Amino acid sequence: MQYYEQRHLSKALIFKFDRTTELNVIGNGNIGTFYRYINRRLSCKSGVGPLKSPTGETVTDSTKKAAFLNDYFSSVFTRDNDVCKEFKRRLSGGLSLGSFDITPDIILKFVRKCTTGTSAGPDGIPQSFLKQFISQLLLPFTELFKYLRHIGHMPSQWKTANITSVFKKGLSSEVSNHSPISLTSIFCKLFERLIQNKILTYLSDNNLISPHQHGFLTKHSTGSQLLETVNDWSIALRNKHVANVVYFDFVKEFYTVSHVKLISKLQAYGIDGTLLSIITDFLTDRSQRVVLRAGTSAFSKVVSGVPQGSVLDPLLFLLYINDITDPFPGHVSI
């Protein structure tokens, strides 16, 4: 309660400061100072300027802009047929991963790695709160996470997200040129880190990640991918071979992942038990809303995809596309 009172007081003081600053700029009589201030204010810090509505109308109202963006982000979800083709098990010998470790030391390790600049989720609690009070919260968190692991579910409040719209390229007035980033509960993210750490260790120990994969992995990046690519091309040129190059681009990749097909693939990688139950629950019954500086949309249901901006989304997407190289013969470099 005290946190929220101080939060409201801070907002009121910031508003008063901005109002005083504007009055001083107006009363100063310096036209250069006036235009510099106006230009700074015209830059849209939320990343969302005026938008074109489906009818061609230019919309400047923040609430309407948030609604248009949320409608668009919801429209790209996949209404899948939930029919899974055969996906053979990737492990032999009955190996599997059905749980993960939860100890105060592991939780403390990940809290110390948290960055304090991360925006708060729907509950309004920032990372700095977690870092400041972790000594008091460590044992309660440990017991809470153990209980969630036992029942195989997450709190419903952890499955809501505030969406921040990030402009990509093209015309900023087109809603299709904006990308959603999910801001979720910091407590959920901490719980996700425990899961992510265990799954990554399991995948690495059993060599389950394709050697062609350069995304979302430690010591891999677009840089390592480009080095391998240029090396292949150089060898082909040196040997006077023809190199045919084909590029594929995923469209709306994080939003269109089929939950049923993803769960099927996770099972093929040996992920089962309460761990699979938690991930399944994490993906289902989610909701999101777009939040701008001066307007918020209504919540909408999330029917596909992995929440971009969460901890687990890169790992889940990686496993979803990990078998994409299977059909290619050995002489093809990927």
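Is Phe328 buried, partly exposed or exposed, and what is its relative accessible area? In this predicted model, Phe328 has a relative accessible area of 38%, and because buried means under 20% and exposed means over 50%, Phe328 counts as partly exposed. Phe328 lies in the segment that follows helix α11, which spans residues 313–321. On the surface, Phe328 belongs to a nonpolar patch together with Val246, Phe248, Val332 and Ile334, and these residues present about 500 Å² of accessible area together.

Strand β5 offers a contrasting topic. Of the seven residues in β5, which covers residues 286–292, five are buried, so the strand is largely enclosed by the rest of the structure. The strands that pair with β5 are set out below.

| Partner of β5 | Residues | Bridges | Sense |
|---|---|---|---|
| β3 | residues 160–167 | four bridges | parallel |
| β7 | residues 300–302 | three bridges | antiparallel |
| β6 | residues 295–296 | two bridges | antiparallel |

Individual residue pairs show where these contacts fall along the strand. Toward β3, Ala161 has Gln288 of β5 as its bridge partner, while Arg286 stands opposite Val302, a residue of β7. Toward β6, Leu292 has Gly295 as its bridge partner, and β5 and β6 form a hairpin in which two residues lie between the strands.

As general background for reading such a strand, the side chains of a regular strand alternate between the two faces of the sheet. For β5 itself, the burial of five of its seven residues is the basis for describing the strand as largely enclosed, whereas Phe328 remains partly exposed.

Terms used:
Residues are numbered from 1 along each chain as its sequence is written. This is a predicted model: local features need pLDDT of at least 70, side-chain atom pairs count only at pLDDT 80 or more; totals for chains, interfaces and linings use all residues. Side-chain values use heavy atoms; hydrogens and water are left out. Buried means under 20% relative accessible area, exposed over 50%, partly exposed in between (1.4 Å probe, protein chains only). Two strands pair if DSSP finds at least two bridges between them. Patches are made of residues with over 30% relative accessible area and no salt bridge: like charges are joined within 9 Å, nonpolar side chains (Val, Leu, Ile, Met, Phe, Trp, Tyr) within 5 Å. Accessible areas come from the Shrake-Rupley method with a 1.4 Å probe; for residues, only the protein chains shown count as cover. A salt bridge is a side-chain nitrogen of Lys or Arg within 4 Å of a carboxyl oxygen of Asp or Glu.
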